[in-house]
Amino acid sequence: MNGRSLTRSTRSWRFKGPVDVEVKEKVDELQKMTLKRKAQLHEIEQSLPAKSGRYLQIILGDVNVSILNRNDKVRYKDDYEKFKLILNVIGLIMAFFNLIFNYRALELAFIFLLVWYYCTLTIRESILKVNGSRIKGWWRAHHFISTVAAGVLLVWPQGEHWQIFRMQFMYFNVYISIVQYLQFGYQKGLLYRLKALGERHNMDITIEGFHSWMWRGLSFLLPFLFIGYWFQAYNAWTLYKLAFSPPDAPWHVSVMSGLFLLLFIGNMATTLWVVPEKIRARSKERYRLLSMGKSMKLRREVKNSASDMDLSSSANGSTPKTATGSLTEQQPPADKKDI
(Lines give C-alpha, C1' and ligand atoms only; values in the text may rest on other atoms or scores of the structure.)
Protein backbone atom coordinates (compact mmCIF):
# COMPACT_ATOMS: atom_id res chain seq x y z
CA MET A 1 0.00 0.00 0.00
CA ASN A 2 2.79 2.37 0.82
CA GLY A 3 4.51 1.62 -2.50
CA ARG A 4 1.30 2.20 -4.46
CA SER A 5 0.59 5.47 -2.67
CA LEU A 6 4.17 6.57 -3.32
CA THR A 7 3.91 5.81 -7.04
CA ARG A 8 0.55 7.59 -7.23
CA SER A 9 1.96 10.70 -5.54
CA THR A 10 4.97 10.59 -7.85
CA ARG A 11 2.76 10.31 -10.92
CA SER A 12 0.51 13.14 -9.73
CA TRP A 13 3.59 15.30 -9.09
CA ARG A 14 4.99 14.47 -12.51
CA PHE A 15 1.80 15.23 -14.38
CA LYS A 16 1.11 18.41 -12.45
CA GLY A 17 3.58 20.28 -14.65
CA PRO A 18 1.87 19.82 -18.04
CA VAL A 19 -1.49 20.81 -16.58
CA ASP A 20 0.02 24.11 -15.42
CA VAL A 21 1.66 24.61 -18.80
CA GLU A 22 -1.62 24.02 -20.62
CA VAL A 23 -3.44 26.45 -18.34
CA LYS A 24 -0.69 29.01 -18.87
CA GLU A 25 -0.94 28.59 -22.64
CA LYS A 26 -4.70 29.09 -22.48
CA VAL A 27 -4.25 32.23 -20.36
CA ASP A 28 -1.68 33.60 -22.84
CA GLU A 29 -4.05 32.86 -25.71
CA LEU A 30 -6.87 34.68 -23.92
CA GLN A 31 -4.61 37.66 -23.30
CA LYS A 32 -3.67 37.78 -26.98
CA MET A 33 -7.32 37.62 -27.98
CA THR A 34 -8.14 40.40 -25.50
CA LEU A 35 -5.41 42.63 -26.92
CA LYS A 36 -6.63 41.89 -30.43
CA ARG A 37 -10.21 42.82 -29.51
CA LYS A 38 -9.01 46.02 -27.83
CA ALA A 39 -7.09 46.96 -30.97
CA GLN A 40 -10.17 46.30 -33.10
CA LEU A 41 -12.34 48.40 -30.78
CA HIS A 42 -9.74 51.18 -30.92
CA GLU A 43 -9.84 51.12 -34.73
CA ILE A 44 -13.64 51.31 -34.66
CA GLU A 45 -13.48 54.17 -32.17
CA GLN A 46 -11.09 56.10 -34.41
CA SER A 47 -13.55 55.91 -37.30
CA LEU A 48 -16.20 57.71 -35.22
CA PRO A 49 -16.31 61.52 -34.82
CA ALA A 50 -14.84 62.76 -31.53
CA LYS A 51 -15.58 65.89 -29.55
CA SER A 52 -13.03 68.72 -29.57
CA GLY A 53 -11.32 69.62 -26.32
CA ARG A 54 -11.75 72.81 -24.34
CA TYR A 55 -8.62 74.40 -25.85
CA LEU A 56 -9.80 73.87 -29.44
CA GLN A 57 -13.26 75.17 -28.56
CA ILE A 58 -11.70 78.36 -27.21
CA ILE A 59 -9.40 78.83 -30.22
CA LEU A 60 -11.55 77.56 -33.10
CA GLY A 61 -15.05 77.60 -31.65
CA ASP A 62 -17.54 74.76 -31.90
CA VAL A 63 -15.96 73.20 -34.99
CA ASN A 64 -15.76 69.48 -35.69
CA VAL A 65 -12.07 68.66 -36.29
CA SER A 66 -12.50 64.88 -36.54
CA ILE A 67 -10.91 63.33 -39.63
CA LEU A 68 -12.85 60.17 -40.46
CA ASN A 69 -10.73 58.98 -43.38
CA ARG A 70 -7.64 57.06 -42.23
CA ASN A 71 -5.52 58.23 -45.16
CA ASP A 72 -6.42 61.85 -44.43
CA LYS A 73 -5.37 61.35 -40.81
CA VAL A 74 -1.97 60.02 -41.82
CA ARG A 75 -1.57 62.83 -44.36
CA TYR A 76 -2.36 65.45 -41.70
CA LYS A 77 0.17 63.87 -39.34
CA ASP A 78 2.83 63.91 -42.08
CA ASP A 79 2.11 67.60 -42.70
CA TYR A 80 2.61 68.20 -38.98
CA GLU A 81 6.02 66.49 -39.12
CA LYS A 82 7.07 68.51 -42.19
CA PHE A 83 5.94 71.72 -40.49
CA LYS A 84 8.14 71.02 -37.47
CA LEU A 85 11.19 70.18 -39.56
CA ILE A 86 10.89 73.23 -41.83
CA LEU A 87 10.29 75.67 -38.97
CA ASN A 88 13.14 74.11 -37.01
CA VAL A 89 15.56 74.78 -39.89
CA ILE A 90 14.27 78.36 -40.28
CA GLY A 91 14.67 78.94 -36.53
CA LEU A 92 18.23 77.58 -36.64
CA ILE A 93 19.16 79.98 -39.45
CA MET A 94 17.58 82.98 -37.73
CA ALA A 95 19.25 82.18 -34.39
CA PHE A 96 22.61 81.89 -36.17
CA PHE A 97 22.12 85.29 -37.82
CA ASN A 98 21.23 86.79 -34.44
CA LEU A 99 24.60 85.58 -33.15
CA ILE A 100 26.34 87.51 -35.92
CA PHE A 101 24.16 90.64 -36.13
CA ASN A 102 22.76 92.54 -33.16
CA TYR A 103 19.64 94.08 -34.67
CA ARG A 104 16.46 94.54 -32.67
CA ALA A 105 14.23 93.90 -35.70
CA LEU A 106 15.94 90.56 -36.35
CA GLU A 107 15.57 89.60 -32.68
CA LEU A 108 11.86 90.43 -32.66
CA ALA A 109 11.31 88.52 -35.92
CA PHE A 110 12.96 85.44 -34.42
CA ILE A 111 11.02 85.66 -31.14
CA PHE A 112 7.75 86.24 -33.02
CA LEU A 113 8.55 83.11 -35.05
CA LEU A 114 8.89 81.18 -31.78
CA VAL A 115 5.51 82.47 -30.55
CA TRP A 116 3.75 81.56 -33.80
CA TYR A 117 5.53 78.18 -34.00
CA TYR A 118 4.56 77.01 -30.52
CA CYS A 119 1.00 78.36 -30.80
CA THR A 120 0.55 76.46 -34.06
CA LEU A 121 2.06 73.30 -32.52
CA THR A 122 -0.42 73.35 -29.63
CA ILE A 123 -3.37 73.68 -32.03
CA ARG A 124 -2.14 70.98 -34.41
CA GLU A 125 -1.34 68.58 -31.58
CA SER A 126 -4.80 69.09 -30.09
CA ILE A 127 -6.33 68.20 -33.46
CA LEU A 128 -4.07 65.14 -33.70
CA LYS A 129 -5.10 64.04 -30.21
CA VAL A 130 -8.78 64.28 -31.15
CA ASN A 131 -8.01 62.02 -34.12
CA GLY A 132 -6.28 59.30 -32.11
CA SER A 133 -2.68 60.44 -31.71
CA ARG A 134 -1.18 59.27 -28.41
CA ILE A 135 0.69 62.42 -27.37
CA LYS A 136 2.03 62.30 -23.83
CA GLY A 137 0.75 64.93 -21.42
CA TRP A 138 4.08 66.54 -20.56
CA TRP A 139 5.13 67.18 -24.15
CA ARG A 140 1.87 69.02 -24.81
CA ALA A 141 2.36 71.00 -21.59
CA HIS A 142 5.95 71.66 -22.69
CA HIS A 143 4.70 73.43 -25.82
CA PHE A 144 2.18 75.49 -23.85
CA ILE A 145 4.92 76.60 -21.44
CA SER A 146 7.21 77.39 -24.38
CA THR A 147 4.44 79.53 -25.90
CA VAL A 148 4.19 81.55 -22.69
CA ALA A 149 7.99 81.89 -22.52
CA ALA A 150 8.17 83.12 -26.12
CA GLY A 151 5.42 85.65 -25.37
CA VAL A 152 7.36 86.98 -22.37
CA LEU A 153 10.50 87.28 -24.50
CA LEU A 154 8.54 89.19 -27.14
CA VAL A 155 7.51 91.91 -24.66
CA TRP A 156 10.86 91.98 -22.82
CA PRO A 157 12.16 95.54 -23.36
CA GLN A 158 15.62 96.02 -24.75
CA GLY A 159 17.99 97.01 -21.97
CA GLU A 160 21.03 96.00 -19.99
CA HIS A 161 19.54 92.76 -18.67
CA TRP A 162 18.45 91.61 -22.12
CA GLN A 163 21.83 92.39 -23.66
CA ILE A 164 23.58 90.32 -20.97
CA PHE A 165 21.31 87.32 -21.57
CA ARG A 166 20.92 87.72 -25.34
CA MET A 167 24.00 85.82 -26.59
CA GLN A 168 23.46 82.92 -24.18
CA PHE A 169 19.85 82.61 -25.32
CA MET A 170 20.83 82.56 -29.00
CA TYR A 171 23.51 79.90 -28.40
CA PHE A 172 20.88 77.87 -26.57
CA ASN A 173 18.49 78.09 -29.53
CA VAL A 174 21.19 77.09 -32.02
CA TYR A 175 22.10 74.01 -29.96
CA ILE A 176 18.48 72.97 -29.36
CA SER A 177 17.60 73.43 -33.04
CA ILE A 178 20.49 71.18 -34.16
CA VAL A 179 19.59 68.45 -31.64
CA GLN A 180 15.90 68.61 -32.54
CA TYR A 181 16.65 68.43 -36.26
CA LEU A 182 18.75 65.30 -35.77
CA GLN A 183 16.17 63.80 -33.44
CA PHE A 184 13.21 64.47 -35.75
CA GLY A 185 15.05 62.95 -38.70
CA TYR A 186 16.01 59.78 -36.82
CA GLN A 187 12.60 59.48 -35.13
CA LYS A 188 10.79 59.64 -38.45
CA GLY A 189 12.81 56.73 -39.86
CA LEU A 190 12.49 54.71 -36.65
CA LEU A 191 8.73 55.29 -36.45
CA TYR A 192 8.37 54.18 -40.08
CA ARG A 193 10.15 50.88 -39.34
CA LEU A 194 8.22 50.25 -36.12
CA LYS A 195 4.89 50.96 -37.83
CA ALA A 196 5.81 48.55 -40.62
CA LEU A 197 6.47 45.89 -37.96
CA GLY A 198 3.15 46.68 -36.27
CA GLU A 199 4.81 47.87 -33.03
CA ARG A 200 3.64 51.50 -33.19
CA HIS A 201 0.39 53.26 -34.04
CA ASN A 202 -0.06 55.08 -37.35
CA MET A 203 -0.82 58.37 -35.56
CA ASP A 204 2.29 58.36 -33.33
CA ILE A 205 4.38 61.50 -33.83
CA THR A 206 7.91 62.69 -33.18
CA ILE A 207 8.61 64.53 -29.93
CA GLU A 208 11.37 66.79 -28.61
CA GLY A 209 12.16 64.45 -25.72
CA PHE A 210 12.80 60.74 -25.31
CA HIS A 211 10.30 57.90 -25.19
CA SER A 212 10.57 54.16 -24.56
CA TRP A 213 10.16 53.19 -28.23
CA MET A 214 13.28 55.25 -29.08
CA TRP A 215 15.47 52.92 -27.00
CA ARG A 216 16.05 50.64 -29.95
CA GLY A 217 17.62 53.16 -32.30
CA LEU A 218 17.92 56.60 -30.67
CA SER A 219 19.57 55.96 -27.30
CA PHE A 220 22.78 57.58 -28.59
CA LEU A 221 20.96 60.96 -28.54
CA LEU A 222 20.35 60.81 -24.78
CA PRO A 223 23.61 62.63 -23.81
CA PHE A 224 22.80 65.49 -26.20
CA LEU A 225 19.29 65.77 -24.74
CA PHE A 226 20.66 65.89 -21.20
CA ILE A 227 23.09 68.64 -22.23
CA GLY A 228 20.14 70.62 -23.59
CA TYR A 229 18.21 70.12 -20.35
CA TRP A 230 21.15 71.29 -18.26
CA PHE A 231 21.43 74.28 -20.60
CA GLN A 232 17.86 75.15 -19.56
CA ALA A 233 18.89 74.91 -15.90
CA TYR A 234 21.88 77.15 -16.62
CA ASN A 235 19.56 79.70 -18.27
CA ALA A 236 17.35 79.63 -15.18
CA TRP A 237 20.37 80.19 -12.91
CA THR A 238 21.71 83.05 -15.07
CA LEU A 239 18.34 84.80 -15.09
CA TYR A 240 18.01 84.28 -11.34
CA LYS A 241 21.30 86.13 -10.80
CA LEU A 242 20.24 88.84 -13.26
CA ALA A 243 17.11 89.45 -11.19
CA PHE A 244 19.34 90.85 -8.41
CA SER A 245 22.32 92.25 -10.30
CA PRO A 246 22.30 94.66 -12.11
CA PRO A 247 19.56 96.35 -10.08
CA ASP A 248 16.11 97.38 -11.33
CA ALA A 249 15.55 94.20 -13.30
CA PRO A 250 12.21 94.01 -15.16
CA TRP A 251 9.69 91.35 -14.18
CA HIS A 252 10.47 89.41 -17.36
CA VAL A 253 13.78 88.23 -15.86
CA SER A 254 12.30 86.43 -12.85
CA VAL A 255 9.40 85.01 -14.89
CA MET A 256 11.74 83.59 -17.54
CA SER A 257 13.94 82.12 -14.80
CA GLY A 258 10.96 80.26 -13.36
CA LEU A 259 9.81 79.05 -16.80
CA PHE A 260 13.26 77.71 -17.71
CA LEU A 261 13.46 75.95 -14.35
CA LEU A 262 10.02 74.39 -14.91
CA LEU A 263 11.04 73.17 -18.37
CA PHE A 264 14.25 71.68 -16.98
CA ILE A 265 12.46 69.79 -14.19
CA GLY A 266 9.71 68.48 -16.48
CA ASN A 267 12.05 67.38 -19.27
CA MET A 268 14.56 65.77 -16.92
CA ALA A 269 11.92 63.95 -14.85
CA THR A 270 10.07 62.66 -17.92
CA THR A 271 13.26 61.41 -19.58
CA LEU A 272 14.62 59.80 -16.41
CA TRP A 273 11.27 58.06 -15.88
CA VAL A 274 11.67 56.31 -19.24
CA VAL A 275 14.98 54.65 -18.30
CA PRO A 276 13.80 52.55 -15.28
CA GLU A 277 10.54 51.81 -17.10
CA LYS A 278 12.51 50.35 -20.01
CA ILE A 279 14.74 48.38 -17.62
CA ARG A 280 11.65 46.92 -15.93
CA ALA A 281 10.18 46.03 -19.31
CA ARG A 282 13.40 44.26 -20.29
CA SER A 283 13.49 42.32 -17.01
CA LYS A 284 9.87 41.25 -17.53
CA GLU A 285 10.69 40.12 -21.05
CA ARG A 286 13.66 38.10 -19.78
CA TYR A 287 11.51 36.53 -17.05
CA ARG A 288 8.85 35.65 -19.61
CA LEU A 289 11.41 34.03 -21.91
CA LEU A 290 12.97 32.20 -18.95
CA SER A 291 9.59 30.87 -17.81
CA MET A 292 8.80 29.76 -21.37
CA GLY A 293 12.14 27.93 -21.51
CA LYS A 294 11.46 26.24 -18.18
CA SER A 295 7.98 25.18 -19.27
CA MET A 296 9.34 23.73 -22.52
CA LYS A 297 12.05 21.89 -20.58
CA LEU A 298 9.46 20.54 -18.14
CA ARG A 299 7.28 19.40 -21.02
CA ARG A 300 10.20 17.51 -22.59
CA GLU A 301 11.02 15.89 -19.25
CA VAL A 302 7.40 14.79 -18.83
CA LYS A 303 7.35 13.32 -22.34
CA ASN A 304 10.62 11.49 -21.70
CA SER A 305 9.38 10.16 -18.35
CA ALA A 306 6.13 9.00 -19.96
CA SER A 307 8.02 7.20 -22.72
CA ASP A 308 10.34 5.60 -20.13
CA MET A 309 7.31 4.40 -18.18
CA ASP A 310 5.81 2.90 -21.33
CA LEU A 311 9.05 1.10 -22.12
CA SER A 312 9.39 -0.24 -18.57
CA SER A 313 5.78 -1.43 -18.51
CA SER A 314 6.20 -3.19 -21.86
CA ALA A 315 9.42 -4.81 -20.63
CA ASN A 316 7.74 -6.02 -17.44
CA GLY A 317 4.85 -7.44 -19.43
CA SER A 318 7.10 -9.40 -21.83
CA THR A 319 9.04 -11.34 -19.17
CA PRO A 320 6.02 -13.22 -17.78
CA LYS A 321 5.03 -14.14 -21.32
CA THR A 322 8.42 -15.70 -22.00
CA ALA A 323 8.32 -17.57 -18.70
CA THR A 324 4.89 -19.01 -19.33
CA GLY A 325 5.89 -19.75 -22.88
CA SER A 326 8.88 -21.81 -21.71
CA LEU A 327 6.72 -23.71 -19.27
CA THR A 328 4.20 -24.57 -21.94
CA GLU A 329 6.96 -25.67 -24.25
CA GLN A 330 8.44 -28.00 -21.57
CA GLN A 331 5.08 -29.41 -20.46
CA PRO A 332 4.42 -31.86 -23.34
CA PRO A 333 7.64 -33.89 -22.82
CA ALA A 334 6.75 -34.21 -19.13
CA ASP A 335 3.35 -35.60 -20.11
CA LYS A 336 4.99 -38.12 -22.43
CA LYS A 337 7.23 -39.40 -19.63
CA ASP A 338 4.25 -39.89 -17.38
CA ILE A 339 2.49 -41.86 -20.09
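# Salt bridges and helices in a predicted model

R104, E107 and R166 are linked in a network of salt bridges. The structure described here is a predicted model, and a search of the whole of it finds 3 salt bridges. Side chains of opposite charge can pair when their charged atoms come close. The points below begin with the network, then turn to another salt bridge, to the helix that carries R104 and E107, and to a polar contact.

**The network around E107**

- The side chain of E107 meets that of R166 in a salt bridge, with a distance of 2.1 Å from N to O. This pair links distant parts of the chain, since R166 belongs to helix α7 (residues 160-196) while E107 belongs to helix α5, and the two residues are 59 residues apart.
- E107 also meets R104 in a salt bridge, where the distance from N to O is 3.1 Å. Here both partners, R104 and E107, lie in helix α5, and they are 3 residues apart, which is about one turn of the helix.
- Are R166 and E107 buried or exposed? Both R166 and E107 are buried; E107 has a relative accessible area of 0%, and it counts as buried because that value is under 20%.

**A salt bridge within helix α4**

- D72 forms a salt bridge with R75, and the closest N and O atoms of this pair are 2.5 Å apart. The two residues both lie in helix α4 (residues 70-100), where a separation of 3 residues places them about one turn of the helix apart.
- D72 has a relative accessible area of 31%, so this residue is described as partly exposed. R75 has a relative accessible area of 48%, and R75 is therefore partly exposed as well, as the value is not over the 50% needed for exposed.

**The length of helix α5 and what follows it**

- Helix α5 (residues 104-130) has 27 residues, and at 1.5 Å a residue it should span 39 Å. The C-alpha atoms at its ends are 39 Å apart, so the expected span and the distance in the model agree.
- Just after α5 comes G132, a residue that takes a positive phi of about 105°.

**A buried threonine in helix α9**

- T271 is found in helix α9, which covers residues 251-338. With a relative accessible area of 0%, T271 is buried.
- Which residue does the side chain of T271 contact? The side chains of T271 and Y229 are joined by a polar contact of 3.4 Å.

Technical notes:
Residues numbered from 1 in each chain as written. Predicted model: local features only at pLDDT ≥ 70, side-chain atom pairs only at ≥ 80, totals over all residues. Heavy atoms only, no water. Helix = DSSP H or I, 4+ residues; strand = E, 2+ residues; numbered from the N terminus. Buried < 20%, exposed > 50% of the residue type's maximum accessible area, 1.4 Å probe, protein only. Polar contact = N/O pair within 3.5 Å; in protein donor to acceptor, adjacent residues only side chain to side chain. Expected span 1.5 Å × (residues − 1). Salt bridge = Lys/Arg side-chain N within 4 Å of Asp/Glu carboxyl O.
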